[in-house]
Amino acid sequence: MQITLFSFLSAVLWSSVLIIAIYFLRKTHYKHYFGMFTIVLLYLFCAARVFLPLEFPHAYIINDQTVYPHIYQALTNDDGFVKGISLLHVLCVIWIGVFGVLLIRYIHNYYKASKSIEQYAEICGEHVQHLVDEVKRIVKKDIDVSVFIVDNIDTPFGFGMFRKKILLPRIDYSEEELLYILLHEYIHFANRDIFVKLLVSLFCMIFWWDPVAHLLKQDLEQTLEIKCDLSVAKCLNMEERACYLRTIISTLKHSNLQNTPPCAATAFFNGNGNAEVEVKERFRAVMNCNKGKVYQVANTLIMCVFVLFLCLSYSIIPQPIFDAPESTEQDAVDFDPSSSYIIQDKNGGYWLYVDSVEPFSIPENEAEFYQQTGIQIVKG
């Protein structure tokens with residue numbers, strides 16, 4: 001088991017294919033069979049596939065003479081830029097450099113948002129704390145969460161990995177609306193959605209050059225919101241769900257879709273895409289959250305098929321194959337797996353047989369090397 005350039009390229013390829021497949025399946029009528037928890041888990045599996053680009057010893061090698069050899073030569077040519085420095089070295093430096101800049105910017109934005117909240121946030125009174133206690137009773141999970149009012153925001157959102165805060169705009173919400181807003185953001189914390197967003201953001205920063213990584217982040221925002229909506233809906237009856245959906249509409253009316261919440265935050269409403277389409281999708285999910293056994297079986301089947309494909313992705317590794325250069329030395333013999341084989345005799349010796357040439361003895365280490373190139377060893 002090892003990590004090579006081609007096992008990494010294979011991991012990126014397989015992960016991208018799986019992310020695109022999940023993305024388009026979720027956009028079709030099959031999305032009704034996808035549980036939101038299943039979707040989040042599948043996306044995280046795709047990210048994990050890239051972080052574990054392993055090549056197992058029994059993986060089937062697909063030899064490519066068309067594309068991969070040119071890629072390999074372009075990346076590893078030491079004379080491409082400066083003597084001893086290949087294009088691969090330059091790309092790795094650029095990759096790490098851009099990732100470092102993105103990571104520093106992310107940390108800076110998080111720190112800046114934290115300081116801004118500390119400066120401008122105003123802690124809510126006992127009335128709101130009473131509603132938070134009601135939310136804890138509904139969810140049946142006690143999480144240390146503080147609630148603040150902030151003047152310069154227009155939509156509620158949860159913020160913070162360790163010091164969890166629910167931030168409310170200075171809007172005169174009704175008690176019912178406020179309860180559902182707090183319930184929504186509290187369940188985000190209970191589901192650890194901020195941690196999931198942090199992992200995906202880190203994934204996008206590391207693989208900033210892969211457009212599919214950003215496709216994952218774009219779709220995951222809406223997926224996490226629907227997943228949270230479904231968790232809320234399970235705590236409510238039909239009449240309360242209708243009130244909850246009206247709260248979403250009310251929040252949308254007050255929201256400026258051009259403003260985005262800070263990093264490591266979960267907004268009550270994200271305006272990153274088509275607002276009308278996103279709201280309709282959330283409405284359908286809430287009103288049809290009671291899924292029967294058909295949906296459970298479908299989700300289990302989808303998960304099994306996905307895990308099977310994920311395992312199979314480790315069994316196939318594309319690698320380049322080069323034509324061996326013909327030797328110009330006198331009496332040299334050119335051979336390949338199609339014209340040669342090795343016989344191991346009863347005494348443990350190895351003999352190389354090449355077409356039109358007398359067999360000759362070779363040491364064990366050479367026999368093992370030739371076996372790795374595809375030449376078969378046969379016991380005599």
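# Exercises on two sheets and some helices

Strands β9 (residues 350-354) and β10 run antiparallel and are joined by four bridges. Here two strands pair if DSSP finds at least two bridges between them; helices (H or I, at least four residues) and strands (E, at least two) are DSSP runs, numbered from the N terminus.

A word on the model: it's predicted, with local features needing pLDDT of at least 70 and side-chain atom pairs counting only at pLDDT 80 or more, while totals for chains, interfaces and linings use all residues. Residues are numbered from 1 along each chain as its sequence is written, and side-chain values use heavy atoms, leaving out hydrogens and water.

## Exercise 1: the sheet around β9

Work out the strand order of the sheet that holds β9, and find its edge strands.

Step 1. Start with the partner on the other side: β8 (residues 340-344) pairs with β9 in the antiparallel sense, over five bridges.

Step 2. Pick a residue in β9 and look both ways. L352 has F360 of β10 opposite it, and I342 stands opposite L352 too.

Step 3. Put the strands in a row. You get an open sheet of four, β10-β9-β8-β11, with mixed pairing. β10 (357-362) and β11 (377-379) each have a single partner strand, so they stand at the edges and one side of each lacks a neighbour in the sheet.

Step 4. Add the twist, which averages 30° from one strand to the next. (Axes are lines fitted to C-alpha atoms, for helices over the stretch in contact; angles run from 0 to 180 degrees between N-to-C directions.)

## Exercise 2: faces and turns

Sort the side chains of β9 by face, then check the hairpin turns on its two sides.

Step 1. In a regular strand the side chains alternate between the two faces of the sheet. β9 does this: Y350, L352 and V354 point to one face and are buried, whereas W351 and Y353 point to the other and aren't. Buried is under 20% relative accessible area, exposed is over 50%, and partly exposed lies in between (1.4 Å probe, protein chains only).

Step 2. Take the β8-β9 hairpin. Five residues sit between the strands, and G348 in the turn has a positive phi of about 90°.

Step 3. Now the β9-β10 hairpin, with two residues between the strands; S356 takes a positive phi near 65°. V354 and V357 in β10 are bridge partners.

## Exercise 3: positive phi in loops

For K140 and R192, find the loop and decide: buried or exposed?

Step 1. K140 isn't a glycine, yet its phi is positive, near 65°. The residue lies in the loop between α5 (126-139) and β3 (145-150). With 76% relative accessibility, K140 counts as exposed.

Step 2. R192, also not a glycine, has a positive phi of about 60°. Its loop runs between α6 (175-190) and α7 (193-206). R192 comes out as exposed, at 55% relative accessibility.

## Exercise 4: the five-strand sheet and its helices

Lay out the other sheet and say which helices touch or lie across it.

Step 1. The order is β2-β3-β5-β4-β6, an open sheet with mixed pairing. Its edge strands are β2 (122-123) and β6 (265-267), each pairing on one side only.

Step 2. β2 and β3 run antiparallel and share two bridges; E122 faces I149 in β3.

Step 3. α4 (residues 87-120) lies across β2, β3, β4 (157-159) and β5 (164-169), at about 110° to β4. α7 packs on the sheet as well, touching β4 and β6, and its direction makes about 115° with that of β6. Contact means heavy atoms within 4.5 Å.

Step 4. Zoom in on S201, which sits in α7. At 9% relative accessibility S201 is buried, and it touches Y106 and K217, leaving aside residues up to four places away in sequence.

## Exercise 5: a helix pair

Describe how α6 meets α8.

Step 1. The axes of α6 and α8 (residues 211-233) are 9 Å apart, at an angle of about 110°.

Step 2. That makes α6 and α8 roughly perpendicular. The classes are: under 35 degrees roughly parallel, over 145 roughly antiparallel, 65 to 115 roughly perpendicular, the rest oblique.

Step 3. The α6-α8 crossing is right-handed, meaning that the near helix is turned clockwise from the far one by less than a right angle; anticlockwise would be left-handed.

Step 4. List the contacts: L183, H184, I187 and H188 of α6 meet L224, E225, C228, D229, S231 and V232 of α8.
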